[in-house]
Amino acid sequence: MPLIFRDDAYARSCPATVTAVDERGIRLDSTVFYPTGGGQPGDTGVLRRPGGDIAIADTIKGAAADEVIHVPAPGAPLPAVGETVTAEIDWERRYRLMRMHTCLHLLCAVVPGAVTGGQISDGKARLDFDVPGATLDKDEITAKLNALVAADHAVTPRWITDAELAERPELVRTMTVKPPAGQGRVRLLDIGGIDLQPCGGTHVRHTGEIGAVAVAKIENKGKQNRRVNIVFTG
Ligand SMILES: [Zn+2]
């Protein structure tokens, strides 16, 4: 099925036909809804239709590759298979998630060490780094992040083959989240010579869109693990 957010993260809505409805949720033949994955929460929004709008409370991945399940809000009406709808995400929320997600790529460029975990929420995010022996300075990281934001670097997704990725293991910064291999190609996220790594999430086109950010706190999570928490300040 066409996953429109992959090629156009700015698409807010699309026409779609309902292909399946079960206890897990609603499947469509095309969607702009991003399913929970890679530390980024699934989209919320609405399926518009003449018979009554259907509020979508979450979006998750199905068992099959590229399968996206739209989870209706409790009590929402359910569509019939074959119905046509307009799938529309909560854009304000998604855009904040895109800005914060892109900011985490900048954080990867600023902080040395392997990424051991991470989570993006609405308005804040965190990444855990394996930083042997190093101390991280909150204000220094904040200054470096805002400099990269202000420089307004281009953010460009591109694809490489599984074989090319296998030859360049240094591209994979995350120790816990392996990039989805086995489909022949992997999506890379390239921020103008600053950060390059496999990522299937949604991002802004230029780092300037992120806006002002700050490191809220740095926590010790185990002997070598440092958790860096980011918030918007703009
Ligand atoms: Zn990403």
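Trainee: Which residue holds the closest cysteine sulfur to that of C108, and how far away is that sulfur?
Mentor: The model is predicted, and C108 counts as buried in it, at 5% relative accessibility. A disulfide requires two cysteine sulfur atoms within 2.5 Å. The sulfur of C108 is too far from its closest counterpart for a bond, because that counterpart, in C199, is at a distance of 9.3 Å.

Trainee: Which cysteine sulfur is closest to the sulfur of C103?
Mentor: C103 counts as buried, because its relative accessibility is 0%. Its sulfur is too far from any other cysteine sulfur for a bond, since a distance of 10 Å separates it from the closest one, in C108.

Trainee: How many disulfides does a search of the whole structure find?
Mentor: The sulfur of C103 has its closest cysteine sulfur 10 Å away, and for the sulfur of C108 the value is 9.3 Å. Both are too far for a bond. For the whole structure, the search gives a number of disulfides equal to zero.

Trainee: Which atoms coordinate the zinc ion?
Mentor: Along the chain, the donors follow the spacing H-x3-H-x93-C-x3-H. Their distances to the zinc ion are 2.0 to 2.1 Å. The coordinating atoms are H101 NE2, H105 NE2, C199 SG and H203 NE2.

Trainee: What arrangement do the four donor atoms around the zinc ion make?
Mentor: Four donors count as tetrahedral if all angles lie between 85 and 135 degrees. The angles subtended by the four donor atoms here are 102 to 122 degrees, so the arrangement is tetrahedral.

Trainee: Where in the chain do H101 and H203 lie, and how many residues apart are they?
Mentor: Both are donors to the zinc ion. H101 belongs to helix α2 (residues 91–110), whereas H203 sits in the loop between β11 (195–198) and β12 (213–220). The pair thus links distant parts of the chain, with a separation in residues of 102.

Trainee: Is H203 buried or exposed?
Mentor: Buried means under 20% relative accessible area. The relative accessible area of H101 is 4%, which places H101 in that class. For H203 the value is 6%, so H203 is likewise buried.

Trainee: Which elements give two or more residues to the lining of the second largest pocket?
Mentor: The second largest pocket has a volume of about 150 Å³. Its lining consists of Q119, S121, K124, A125, R126, A216, K217, E219, N229, I230 and V231. The elements giving two or more of the lining residues are β7 (114–121), β8 (124–130), β12 and β13 (225–232).

Trainee: How many residues of the lining of the second largest pocket are charged?
Mentor: The lining includes K124, R126, K217 and E219. Lysine, arginine and glutamate count as charged. Beside four nonpolar and three polar residues, the number of charged residues in the lining is four.

Trainee: What is the phi of D66, a residue other than glycine?
Mentor: D66 is found in the loop between β4 (54–61) and β5 (68–72). It counts as partly exposed, because its relative accessibility is 26%. Its phi is positive, near 65 degrees.

Trainee: What is the phi of D152, a residue other than glycine?
Mentor: D152 lies in the loop between α3 (138–150) and β9 (155–161). With a relative accessible area of 41%, D152 is partly exposed. Its phi has a positive value, near 55 degrees.

Trainee: What distance separates the C-alpha atoms of H153 and E92?
Mentor: H153 is in the loop between α3 and β9, and its 22% relative accessibility makes it partly exposed. H153 and E92 are 61 residues apart along the chain, and their C-alpha atoms are separated by 22 Å.

Terms used
Residues numbered from 1 in each chain as written. Predicted model: local features only at pLDDT ≥ 70, side-chain atom pairs only at ≥ 80, totals over all residues. Heavy atoms only, no water. Donors = N, O, S within 2.8 Å, 3.2 Å for Na, K, Ca; no water. Tetrahedral: all angles 85-135°; square planar, octahedral: opposite > 155°, others 65-115°. Helix = DSSP H or I, 4+ residues; strand = E, 2+ residues; numbered from the N terminus. Buried < 20%, exposed > 50% of the residue type's maximum accessible area, 1.4 Å probe, protein only. 1 Å grid on protein atoms, 1.4 Å probe; cavity = no way out; pocket = protein on both sides within 12 Å on 5 of 7 lines; lining within 4 Å. Points joined across faces, edges and corners; volume = space filled by probe spheres on them.
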